Amino acid sequence: MRRLYELDLLRILAAVFVVIFHYTFTGWMQGHTSLAFPTFGEVARYGYLGVDLFFMISGFVVLLSAWGRRPSKFVISRIVRLYPAFWFAVTLTALVSVLSGAFPVSLWQYLANLTMVHPALNVADIDVVYWTLWAEIRFYVVVFVLACIGLTRRRVLNTLWGWLALTGLLQAGLLPSVAEVLLQTTFAHYFIAGMALGLVHRFGMTWELAAILVLSYANALYRGIGFAGDVADRYEVPFHPWVIVVVIWLIYLVMLLVALGVTTPVGRPWFSVAGSLTYPLYLVHGNVGFVILAWFGELFAPSLVLRWVLVLGLVGAMAAFAYGIHLLIERPVASRLKRVLEAAARVLPGSGKAPGGPPGPANDQRVERDPAPAGGR
């Protein structure tokens, strides 16, 4: 089965949407830069929805990447995928923040952030975009449990129905609020839909999967409009519900077309190069980018053309830097880290065949380099 190059394209597009959202909207709204784009900001303010697309892609590919794998293999794949570039980015962001004086960072905050589970310790993110990683890790727990008991179509379907039901009960106030830690109902519908679409891609569409997609879509609209209201209150600007509805509909539609194979002619091998930039670009573009924009903002602010030159130039520079991180940090460190972790896993109990039957044809090869989320709100 071929690699889904279309997902690489969607990943980089989602990342760029969030980068533009930060550089042309939130940077000025939060006082990080003096560069204002009042007209373009009417559109750029919706760039945060790139995160919603990312979560659905994650649900799709992480499920498939775990299929037929031993739980230890799944955990190792997640660690080597996320941590090498993350450790570098956290260190770089902390240094830039401290040396510039733009963002306060304590030693404890830095050390806690390196774990990626710092929200559980009630420690603030060093960079605003890191919040999505905490959402991803909690989703990985769900997939890990499924990998432990054995991934089958029926078990995944039962999990999706259960997740939907618990989401509804929590939103109705019938469950304790602590359940939100695992259910994360603000974004659960995207992970649920992504996993359902993974089953569609692997086994084909059924009425049961269609029902799950429809219910998750309805909740996505409900929570998406509500979240947009919260964002509107935060920035004191209007967010039009019909735009939220249209964008969420497009996310579901495009991902459904990918799952059904309709987008096959669109895929190109070179999309994988662009996709490889997504995670490091997401990690380093935030506060580091704000510091750079602040340094040059006064010089470029008088002219709208110069403002765009600075922003687009910075996006290009960040993309090039992200590719350097991918080549010089991600690949070599991940390779060494994987060997160490696999050696450790071999001496642990339960290293036999994965439960739930043999892996699907080449699924691991196709989806191994799945996306981490890109963005922050």
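Is Glu236 buried or exposed? In this predicted model, Glu236 has a relative accessibility of 72% and therefore counts as exposed, the cut-off for that class being over 50%. Glu236 is located in the loop that joins helix 10 to helix 11. Its phi is positive, near 60 degrees, although the residue is not a glycine. This backbone setting occurs just after helix 10. Helix 10 itself covers residues 207–235 and contains 29 residues. From the first C-alpha of helix 10 to the last, the distance is 41 Å, close to the 42 Å expected at 1.5 Å a residue.

A positive phi is also found at Met116, with a value of about 75 degrees, and Met116 is likewise not a glycine. Met116 belongs to the loop between helix 5 (107–115) and helix 6. With a relative accessible area of 1%, Met116 falls under the 20% limit and is therefore buried. The two loop residues thus fall into opposite classes of accessibility, Met116 being buried and Glu236 exposed.

The overall fold was considered next. The chain contains 16 helices and zero strands. Its radius of gyration is 21 Å, close to the 21 Å given by the globule rule for 377 residues, so the chain is as compact as a globular protein of that length. The C-alpha trace spans about 65 × 45 × 45 Å along the principal axes. Of the 377 residues, 53% are buried.

The largest pocket has a volume of about 450 Å³. Its lining consists of 19 residues, and those closest to the pocket centre are Phe17, Tyr46, Leu49, Gly50 and Val247. Two or more lining residues come from each of helix 1 (5–29), helix 2 (41–44), helix 3 (50–66) and helix 11 (241–260). Helix 1 supplies the largest share, six residues. In terms of residue class, 17 of the lining residues are nonpolar and two are polar, while no charged residue takes part.

Helix 3 also contains Gly59. The relative accessibility of Gly59 is 0%, and the residue therefore counts as buried. Between Gly59 and Leu160 there are 11 Å in space, C-alpha to C-alpha, although the two residues are 101 residues apart in sequence. A second pair gives a separation of 31 Å between C-alpha atoms: Val273 and Ala220, which are 53 residues apart in sequence. Val273 is placed in helix 12 (residues 271–276). Because its relative accessibility is 42%, which lies between the 20% and 50% limits, Val273 counts as partly exposed.

Side-chain contacts were examined at Thr132, a residue of helix 6 (residues 131–149). Thr132 counts as buried because its relative accessibility is 0%. Two partners are found for the side chain of Thr132. One is the backbone oxygen of Val129, reached at 3.0 Å. The other is the side chain of Tyr282, with which Thr132 makes a polar contact at 2.9 Å. The side chain of this buried residue is thus paired with a backbone atom of Val129 and with the side chain of Tyr282.

How values were computed. Residues are numbered from 1 along each chain as its sequence is written. This is a predicted model: local features need pLDDT of at least 70, side-chain atom pairs count only at pLDDT 80 or more; totals for chains, interfaces and linings use all residues. Side-chain values use heavy atoms; hydrogens and water are left out. On a 1 Å grid over the protein atoms alone, a cavity is a set of points where a 1.4 Å probe fits but cannot get out, and a pocket is an open set with protein on both sides within 12 Å along at least five of seven lines; lining residues have an atom within 4 Å of a point. Grid points are joined across faces, edges and corners, and a volume is the space filled by probe spheres set on the points. Helices (H or I, at least four residues) and strands (E, at least two) are DSSP runs, numbered from the N terminus. Ala, Val, Leu, Ile, Met, Phe, Trp, Tyr, Cys and Pro count as nonpolar, Asp, Glu, Lys and Arg as charged, and the others, Gly among them, as polar. Buried means under 20% relative accessible area, exposed over 50%, partly exposed in between (1.4 Å probe, protein chains only). A polar contact is a pair of N or O atoms within 3.5 Å; within protein, one must be able to donate a hydrogen and the other to accept it, and residues adjacent in sequence count only if both atoms are side-chain atoms. The expected span of a helix is 1.5 Å times one less than its number of residues. The radius of gyration is taken over C-alpha atoms; the globule rule is 2.2 Å times the number of residues to the power 0.38.
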